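Colleague: Please take me through this model and justify the terms as you go.

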Amino acid sequence: MSNHHVTLLHRYAHNPILTADHWPYGVNTVFNPGATMLEDGTTLLLCRVEDRSGLSHLNVAQSANGITDWTIDDKPTLEPHPKRHIEESWGIEDPRITFLPELGEYAVTYTSYSRGGPGVSLALTKDFRTFERLGVICQPEDKDAALLPRRINGTWVLIHRPVTTLGAHIWISRSPDLVYWGQHKMILAARKGAWWDANKIGLCTPVIGTPDGWLMLYHGVRMTPSGCLYRLGLALFDLEKPEECLLRGDTWIFGPEAEYERAGDVPNVVFPCGYTVQPDGDTLHLYYGAADTSVCLATASIDALLQWLKANGKKEFGDV
Ligand code: BMA
């Protein structure tokens, strides 16, 4: 890729940081991890692990610096439980983690892959050891969901990606209690035609709170004759009215270029589900799945992302 484009996301030189070879038990692939920083500064990744049945479960990996020396749970941390949760019949995937200070708990929104298609399930946990499953909060077909960390105007806010006859666009829903959801509204639409984010977009990590708004990293899926290309773009939403898109970039800011992103079980995929903010308050560690095969790290400056969006973004909803 030509370097006439400003580089906003910087690949860690020793990517991938986690692969199936690191796993304490036999697995096929590890990818698309949710992420959070615990109170003591430990980085916790909740990785999607696909075993050799093809189904996925979630497993915790922890590291003091968020880069090296990972400690991995020696058995699955959260497994599908189809007896009690039939919606998890074909596994659980792609978790996003949001800490909710009001409850003192982490909310994990994950894809529950049911026989009726993928939906969004919610679980609460204090320690990533025991989980309270709240079940399906968005019925199929829906995925790529994350909560905002606080209520806005009294209600919890979920960003998610239902698929409708209109296409695969990003929506917001609200709830008084994390159980009953309503006030659904489409907030960002895929574009059409040759655009990099035509027809299908989805939320990547939980949105990032900044003084200028909620910064959203989203993926755009370009269908090509030889498969899909997953790339990442930026948008900004109003802090108190998260339904309102303030800015959206026209170009992608990160796409599959490295060998480990180009080749794997699903080639040409970069898929971040989590980030941590370093103690300087600006440096992001972005954790992404590469080619549905390994876990990788890229770093970025929140301020640089915002500056880029202010210089290159416009108020653009999309194309439904
Ligand atoms: C999406 C999700 C991701 C996956 C990507 C590429 O629909 O299922 O888990 O990384 O496809 O296969």
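**Sheet and ligand site**

Modeller: There is an open sheet of four strands in the order 6-7-8-9, with antiparallel pairing. This is a predicted model, where local features need pLDDT of at least 70, side-chain atom pairs count only at pLDDT 80 or more, and totals for chains, interfaces and linings use all residues. Residues are numbered from 1 along each chain as its sequence is written, and side-chain values use heavy atoms, with hydrogens and water left out.

Colleague: What makes strand 6 and strand 9 edge strands?

Modeller: Strand 6 (92-100) and strand 9 (131-138) each pair on one side only. Strands are DSSP runs of E, at least two residues, numbered from the N terminus.

Colleague: How do you know that strand 6 pairs with strand 7?

Modeller: Pairing requires at least two bridges found by DSSP between the strands. Seven bridges join strand 6 to strand 7 (residues 105-114), so the two count as paired, and they run antiparallel. Leu 100 has Glu 105 in strand 7 as its bridge partner.

Colleague: Why is the link between Asp 292 and the ligand called a polar contact?

Modeller: A polar contact is a pair of N or O atoms within 3.5 Å. A side-chain N or O atom of Asp 292 is 2.6 Å from an oxygen atom of the ligand, so the pair qualifies. The protein covers 84% of the 300 Å² of accessible area that the ligand has on its own (Shrake-Rupley method, 1.4 Å probe).

Colleague: How do you know that Asn 32 and Tyr 230 make such contacts too?

Modeller: For Asn 32, a polar side-chain atom lies 3.0 Å from a ligand oxygen atom. For Tyr 230, a side-chain N or O atom is 3.0 Å from an oxygen atom of the ligand.

Methods
Polar contact = N/O pair within 3.5 Å; in protein donor to acceptor, adjacent residues only side chain to side chain.
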